[in-house]
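Colleague: Please take a close look at the ligand site for me. I would also like the other voids placed around that picture.

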Amino acid sequence: MVTSTESQLLTHTTELRAQVELIVNSTWVSDVHTHLFPPEFNTFCLYGIDELLTYHYLTAETFRSARVSYDEFWRMPKTQQADLVWKTLFVENIPTSEAARGIISVLDVLGLDTRAENLKEARAFFASQNPSEHIEQVFDIARVSGVVMTNDPLDEAEGQIWNNGVELDHRFKSSLRLDRLLSRRDVGTNVAELRRFLDRWIERMRPVYMGVSLPANFQFPAEDTRDRLLREVVLPTAKEHGLALTLMVGVRRRVNPNLREAGDGVGKADVTAVERMCGEYPDVKFLATFLSRENQHELCVAARKFNNLMPFGCWWFLNNPSIVSEITRERLELLGTSFIPQHSDARVLEQLIYKWKHARKEIADALCDTYEQLLLSGRALTADEISRDVNRMFSGNCREWIGSV
Ligand code: FIX
Ligand code: ZN
């Protein structure tokens, strides 16, 4: 008698690929790192064509092609900046960059003209959207079950909204961002006060993790204030509250301040710093992503040594199809499915549509090749098994590390 699982054995590469693409494109994903906010956070909630086009990835690219000074650009109102970005990158040039192609993917999925001379039609479309219905539609299209925000307790405006007791949309989870806290120049005597500060914000925000971005020259251990803050405040707090610590390593802030948010760069970092932290704090779970391409292999090997380390995402300058493909394949070969393949880092709502559409394509291709190799090595698969793998990478690992998103 033929059992149900055997009957679904996928023995031909065409049906195998078709199944993988279907499963990867239809499986809901937990987005573990974004800069998105729900409408309850007022001006922090960004959506629409003007926000999409003034995204710092595109402003950086515009300054390479448009004859405009930094001062001229920053003096312009946002709509004028967006007009210039559209004209420069989408009309006067073919939108070949990943960030520019992303806009095309969004407009195309929403049925808008991708070759428009101006932004009239797009502005009218987004102006007609009801924010909460639009959020619903975008999350559905992108198949995103939930996102983790980036919440800075030391941001006055954001802090005010939390202090007013905001009711969070269930699809938006909070995270406690510690960049400002960890860039303090002094600890002084108030370790206890800083611990109470974090306890208060954990109580208020109910974060799914604490997170920090770290420079390329980050060292652990180190004779500096950040090391003391990590050891005496952050890591004990993580342990006490059972919270994971998310490390985003390798950014060089404001290498060109004239570009403002677009002015950050990348640097190769020391993965052994994170290894040592994982070794010294076996009871703390760490999610880690490195910005430099040169650190990706080391991160995979570090994760093979420390099972409290979860590699995640192809961050920022790595979020390009050719590199997402390379990193995902390397991780599958070294870690199986014990990693989180991508996060969107979305700042504008509709970016979820293209960042996940483009990532799913590369993840599906990488999985197809991996499974095809397995088939040629003598083991066929079932659709259920593939679905189990994809669910693990898209939400299971996240759930295990930080809870459901
Ligand atoms: O540190 C971060 O969370 C980075 O993702 C941001 O600072 C960066 O500006 C960004 O948006 C990258 O995609
Ligand atoms: Zn980010």
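Modeller: What follows goes from the ligand to its pocket, and then to the other voids.

The model is predicted. Start with the ligand itself. Ligand 1 occupies the largest pocket. Its shell consists of His33, His35, His56, Tyr57, Arg177, Ser213, Arg253, Trp315, Trp316, Asp345 and Arg347. By class, that shell splits into three nonpolar, four polar and four charged residues.

Now the contacts. An oxygen atom of ligand 1 sits 3.1 Å from a polar side-chain atom of His35. For His56, an N or O atom in the side chain is 3.0 Å from an oxygen atom of ligand 1. Trp315 also has a side-chain N or O atom 3.0 Å from an oxygen atom of ligand 1. How much of ligand 1 does the protein bury? Alone, ligand 1 exposes 330 Å², and the protein buries 97% of that area.

Next, the pocket around the ligand. The largest pocket holds about 1,300 Å³ of space. Its lining counts 48 residues, and those nearest the centre are His35, Arg253, Arg254, Glu261 and Arg347. Several elements each give two or more residues to this lining: helix 4 (56-65), helix 6 (78-91), helix 11 (179-182), strand 5 (209-215), helix 13 (225-241) and strand 6 (244-252). Strand 5 has the largest share, with four residues. The lining includes 19 charged residues, alongside 18 nonpolar and 11 polar ones.

Some names recur. His35 is among the residues nearest the pocket centre, and His35 also belongs to the ligand shell. Arg253 and Arg347 are likewise listed near the centre of the largest pocket and around ligand 1.

On to the second largest pocket. Its volume is about 340 Å³. Of its 16 lining residues, Tyr57, Ala60, Glu61, Trp316 and Phe317 are closest to the centre. Tyr57 and Trp316 are also part of the shell around ligand 1. Helix 4, helix 7 (98-109) and helix 17 (351-377) each give two or more residues to the lining of the second largest pocket. Helix 4 supplies the largest share, five residues. Helix 4 is also one of the elements that line the largest pocket. By class, the second largest pocket is lined by seven nonpolar, three polar and six charged residues.

Then the cavities. How many cavities of 30 Å³ or more does the structure hold? There are two.

The largest cavity has about 50 Å³ of space. Its lining is Trp86, Leu107, Asp113, Ala116, Asn118, Leu119, Glu121 and Ala122. Five of these residues are nonpolar, one is polar and two are charged.

The second largest cavity has about 40 Å³ of space. Around it are Val29, Ser30, Val32, Ile340, Pro341, Gln342, Trp356, Met393, Phe394, Ser395 and Cys398. Strand 1 (29-31) and helix 18 (383-402) each contribute at least two lining residues. Helix 18 gives the most, four residues. No charged residue lines the second largest cavity; eight are nonpolar and three polar.

To return to your site: ligand 1 takes the space of the largest pocket, and 97% of the area it exposes alone is buried by the protein. Side-chain N or O atoms of His56 and Trp315 each lie 3.0 Å from a ligand oxygen.

Conventions: Residues are numbered from 1 along each chain as its sequence is written. Chains are lettered from A and ligands numbered from 1 in the order in which they are written. This is a predicted model: local features need pLDDT of at least 70, side-chain atom pairs count only at pLDDT 80 or more; totals for chains, interfaces and linings use all residues. Side-chain values use heavy atoms; hydrogens and water are left out. On a 1 Å grid over the protein atoms alone, a cavity is a set of points where a 1.4 Å probe fits but cannot get out, and a pocket is an open set with protein on both sides within 12 Å along at least five of seven lines; lining residues have an atom within 4 Å of a point. Grid points are joined across faces, edges and corners, and a volume is the space filled by probe spheres set on the points. Ala, Val, Leu, Ile, Met, Phe, Trp, Tyr, Cys and Pro count as nonpolar, Asp, Glu, Lys and Arg as charged, and the others, Gly among them, as polar. A residue is near a molecule or strand if one of its heavy atoms lies within 4 Å of it. A polar contact is a pair of N or O atoms within 3.5 Å; within protein, one must be able to donate a hydrogen and the other to accept it, and residues adjacent in sequence count only if both atoms are side-chain atoms. Accessible areas come from the Shrake-Rupley method with a 1.4 Å probe; for residues, only the protein chains shown count as cover. A molecule sits in a cavity or pocket if more than half of its atoms lie within 2 Å of its grid points.
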